[in-house]
Amino acid sequence: MKCVILAGGSGERFWPLSTKETPKQFLKLFSDKTLLRETFERIAFKLSPKDIYIVTNRAYAETTYKELPEIPRQNVLLEPAKKNTAPACSLASLNFEDGETIFVVPSDHYIPETEKFWHHVQIAEDFLKDHEGIITFGITPTRVETGYGYIESGEQLQENVFKVKKFHEKPDVQTATFYLSQGNYFWNSGMFMWKKSYFVEQMKKHAPEVIAPFLENLDIEKVYEKVPSISIDYALMEKADAVYMVKASFIWSDVGNFNSLKEMGLKNSEHCIIESSENVFVRTTKPTIVIGVDNTVVVETENGLLVCNTSMLDRIKEAIKKLPH
């Protein structure tokens, strides 16, 4: 098995902790290691570094080499432009032999239970030995959550393995509450497993506009000029002929925004005073006082200052574009 770590994100939701030059995967949020480093070590728990590949933007090449010196440089696949996850998955998968099993994971998720994680990965790998299709990993939901996409599972085929009935977009609170009550809706973890031959066959069938440029023997610049920007979910997962889900029970977060950090127990900065305020997250380098303010994120670094209502964190990406350069 080969593992592909997708590490091309720009991390704009974590401004001012992250910037275009230092996106989320290079932040040290939960330990003295970056999220990318923690992801690599989780995978290297079972796989040799020579079997681990990174797909990242060309701009992050040197930072990636520095973070992961164990990985052969030829295993760091550099994209000349950001075109979302379907092109990244195509670029990586075409490097392998037809029968190879490929495990695709994001670089910036939080999964602290490594052995439990690998138990579920093994279930998926074993299932693909006898079945043709694509595996996704569904996380057992622990709360009403509107920030994740959901997987609706269908028929159970064996312990922890189900057919995928449908993928669902991020829901509103009422819909998420319904999903939680049903018992067969799971958080979409964004992790996938497939055989190279099946992936290419399905991409040719369902997303030819994505895979075709990679098969034309063009240089990488020309490929990325032609290929559309589209996620692997839209391009393939929602259309593929056979998609299965491994039901996963390990602790997981996609670390999507500052609310995620608070939910995972990350404490406010030590040098802050919070009075008459509820649901406030403060991450600053300076002494900070917050009085009479609820549902607010305050983050200050040398890159800038963010003050944002917790219900509007999804607007940070657009607001950044208005900053003077």
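**Close-up views of a predicted model**

**View 1. An open sheet of three strands, ordered S11-S13-S14, combines its strands with mixed pairing.** This view, like those that follow, comes from a predicted model. At the edges sit strand S11 (280–283) and strand S14 (304–309), each of which pairs on one side only. Ignoring direction, neighbouring strands of this sheet are turned by 5 degrees against each other on average. Look next at S11 and strand S13 (residues 296–301): these two run parallel and are joined by four bridges. To find your place along this pair, start from Val-280, which stands opposite Thr-296 in S13.

**View 2. Strands S6 and S7 form a hairpin with two residues between them.** Strand S6 covers residues 150–158 and strand S7 covers residues 161–168; the two run antiparallel, and six bridges join them. Here Gln-158 stands opposite Val-161 in S7. Do take a moment over the turn, where Asn-160 has a positive phi of about 70 degrees.

**View 3. S6 also pairs with strand S8 (residues 185–195).** The sense is antiparallel, and the pairing extends over three bridges. A handy landmark is Glu-152, whose bridge partner in S8 is Tyr-185.

**View 4. Ile-43 and Phe-103 touch the most other members of the largest nonpolar core.** This core has 85 residues. Leaving aside residues up to four places away in sequence, Ile-43 touches Cys-3, Ile-5, Ile-52, Phe-103, Val-105, Phe-117 and Trp-118. Phe-103 is thus one of the contacts of Ile-43. Another core, of 18 residues, lies apart from the largest one; among its members are Phe-14, Val-255, Leu-261 and Leu-306.

**View 5. Asn-75 is a buried residue in the loop between helix H2 (61–67) and strand S3 (76–79).** Why does Asn-75 count as buried? Its relative accessible area is 4%, so Asn-75 falls under the 20% cut-off for a buried residue. The side chain of Asn-75 reaches the backbone oxygen of Ile-52 at 3.1 Å. Around this polar side chain you can pick out the residues that Asn-75 touches, not counting those up to four places away in sequence: Pro-49, Lys-50, Asp-51, Ile-52, Tyr-53 and Ile-54. Ile-52 may look familiar from View 4, where Ile-52 is among the residues touched by Ile-43.

How values were computed
Residues are numbered from 1 along each chain as its sequence is written. This is a predicted model: local features need pLDDT of at least 70, side-chain atom pairs count only at pLDDT 80 or more; totals for chains, interfaces and linings use all residues. Side-chain values use heavy atoms; hydrogens and water are left out. Two strands pair if DSSP finds at least two bridges between them. Axes are lines fitted to C-alpha atoms, for helices over the stretch in contact, and angles run from 0 to 180 degrees between N-to-C directions. A nonpolar core is a set of buried Ala, Val, Leu, Ile, Met, Phe, Trp, Tyr and Cys residues joined through side-chain atoms within 4.5 Å. Buried means under 20% relative accessible area, exposed over 50%, partly exposed in between (1.4 Å probe, protein chains only). Contact means heavy atoms within 4.5 Å. A polar contact is a pair of N or O atoms within 3.5 Å; within protein, one must be able to donate a hydrogen and the other to accept it, and residues adjacent in sequence count only if both atoms are side-chain atoms.
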